[in-house]
Amino acid sequence: MNSHITGLAVARSLGRAGVPVVGLDDEPGGLGQHSRHLTALLHCPPPTQDGGRALAGFLERLAGAFPVPPVLFPTNDDWVLALAEQRERLEPAYRFPFAGAEVLAATLAKSDLYRAAEREGVAVPRSWYLDGLPLDELPGSALVDEVAARLPYPCVLKPDDSRGFYRAFRAKVLLVDGPDTLRRQVAETAAQGLRMVAQEIVAPPPGGFFSVCSYLDPAGRPRGVFVGRKLEQYPPGFGTSCLADARFDAKLADAGVRVLGSLGYHGISEVEFVWDEARRQHLLLDVNPRPWKWIGLPVAAGVDLPLLAYRDTVGEPFDAPPQRDGMRWVFLRDYVRLVRERAGAVPEEQVTRQEWLDLVRGRLPAAGRLVDAVFDPDDPEPFYDVLHGELTGSAYACAC
């Protein structure tokens, strides 16, 4: 579900293993929609419509077309939560390779996530919780005044309910520049029924974002664990990954898996950490309880998380081998855009071909150790879609 870059990587993983894959999307244009690994591509209701009930009705009507109950692979939070909320209705006809709604809600709620990390001795950025009072009593309370007096400004407010927060404020977090701003924003978010966590801002060095990526079975056993770094994102500062590499860290892997275990989570996930130079330690930031944009990198590095999840769900579990380090993943379209912007004031026509190659090769590895998000000679049509979009100026925006 959501056949863009993430869905394309999942389809390729399963398709290469001989698993028939059906793509579901609520809009056209996804870069995975023309992959040869899709047996079919179907248009379905958006996951946000009627709390997922419209999607569930569509899936119920579709169920009779399958000879066996399919395994569901949602690839962003809206799809995951919609399916989790409709799980009891859908489970007779479909198989779920991830945790239930209550566990997912706790995994996505920052208050529950950071407290779980603290229980496991896993460091997080300094956080101040605002859940000691009912929401209607929070604005103007002594609790808010106490937190306002202790915060290091500027800081951020993060939501427990990311979906509801984005619908209300069209942002992932709120920047807080002082006590008065905090009081005003707490009142605004409480009025929307949103619980928030105040947190310090951590500015990592280049290459300071790390991810522990895994598949845990329903008993909490890690069947495959991968560790990588997000090296670049586009647009700079607030975009999504366009360059990442494989670099295993056993201590970090253990920390990520322990936090997932504390939450009772199972399934595919990406646990995000940031390196804090001042403390000389990794701090846990977030968990994506689903496949994420650069899941093609662990697949290429030998830790095939989609196949692990599929095989375990159909009763054929196996354990992944250790990852192969040194590989890099790139979404070349966005990476080239980033390189161009960094060329800055130099007009494009004055940059020689060799200078462009030097800029790109400054971060990309030698041939044979690179996996592209879209380009694959064995599955070329998604790359043609990228070229078509560049030539016609059309764009497909995806919350990968």
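This briefing describes the cores, the sheets and selected helices and strands of the structure above. The model is predicted, so local features rest on a pLDDT of at least 70 and side-chain atom pairs count only at pLDDT 80 or more, while totals for chains, interfaces and linings use all residues. Residues are numbered from 1 along each chain as its sequence is written, and side-chain values use heavy atoms, with hydrogens and water left out. Helices (H or I, at least four residues) and strands (E, at least two) are DSSP runs numbered from the N terminus.

**Nonpolar cores**

- The largest nonpolar core, meaning a set of buried Ala, Val, Leu, Ile, Met, Phe, Trp, Tyr and Cys residues joined through side-chain atoms within 4.5 Å, has 50 residues, and those with the most contacts inside it are Leu59, Leu83, Tyr94, Phe273 and Leu284.
- Helix 10 gives the most to this core, with seven residues, and a second, separate core of 37 residues includes Val21, Tyr215, Ala246 and Val303.
- Leaving aside residues up to four places away in sequence, Tyr94 is in contact (heavy atoms within 4.5 Å) with Leu59, Leu62, Ala63, Phe66, Pro69, Pro70 and Leu72.

**Helices 1 and 5**

- Helix 1 (residues 5–16) has 12 residues and reaches 17 Å from its first C-alpha to its last, close to the expected 16 Å, the expected span being 1.5 Å times one less than the number of residues.
- In helix 1, 11 of the 12 residues are buried, where buried means under 20% relative accessible area, exposed over 50% and partly exposed in between, with a 1.4 Å probe and protein chains only.
- The buried residues of helix 1 pack against strand 1 (21–25), strand 2 (38–43), helix 11 (296–300), helix 12 (305–313), strand 12 and helix 15 (381–392), and the helix is followed by Gly18, whose phi is positive, near 85°.
- In helix 5 (residues 101–108), Leu104, Ala106, Thr107 and Leu108 are buried, and what covers the buried residues of this helix includes helix 3 (77–85), helix 6 (110–119), helix 8 (162–169), helix 10 (250–263) and strand 11 (281–288).

**The seven-stranded sheet**

- Seven strands form an open sheet of mixed pairing in the order 11-10-7-8-9-12-13, where two strands pair if DSSP finds at least two bridges between them.
- Strand 11 and strand 13 (370–372) are the edge strands, each pairing on one side only, and the twist averages 30° from one strand to the next.
- Helix 13 (residues 332–343) packs on the sheet, touching strand 8, strand 9 (240–246), strand 12 (328–330) and strand 13, and its direction makes about 35° with that of strand 8; axes are lines fitted to C-alpha atoms, for helices over the stretch in contact, and angles run from 0 to 180 degrees between N-to-C directions.
- Strand 7 (residues 209–216) and strand 8 (residues 222–234) run antiparallel and are joined by eight bridges, with Lys230 in strand 8 as the bridge partner of Phe209.

**Strand 6 and its partners**

- Five of the five residues of strand 6 (residues 196–200) are buried, so this strand is largely enclosed by the rest of the structure.
- Met196, Ala198 and Glu200 point one way from strand 6, whereas Val197 and Gln199 point the other way.
- Strand 6 runs antiparallel to strand 3 (residues 127–129), to which three bridges join it, and pairs with strand 4 (residues 155–159) in the antiparallel sense over five bridges.
- Val197 in strand 6 is the bridge partner of Tyr129 and also stands opposite Lys158.
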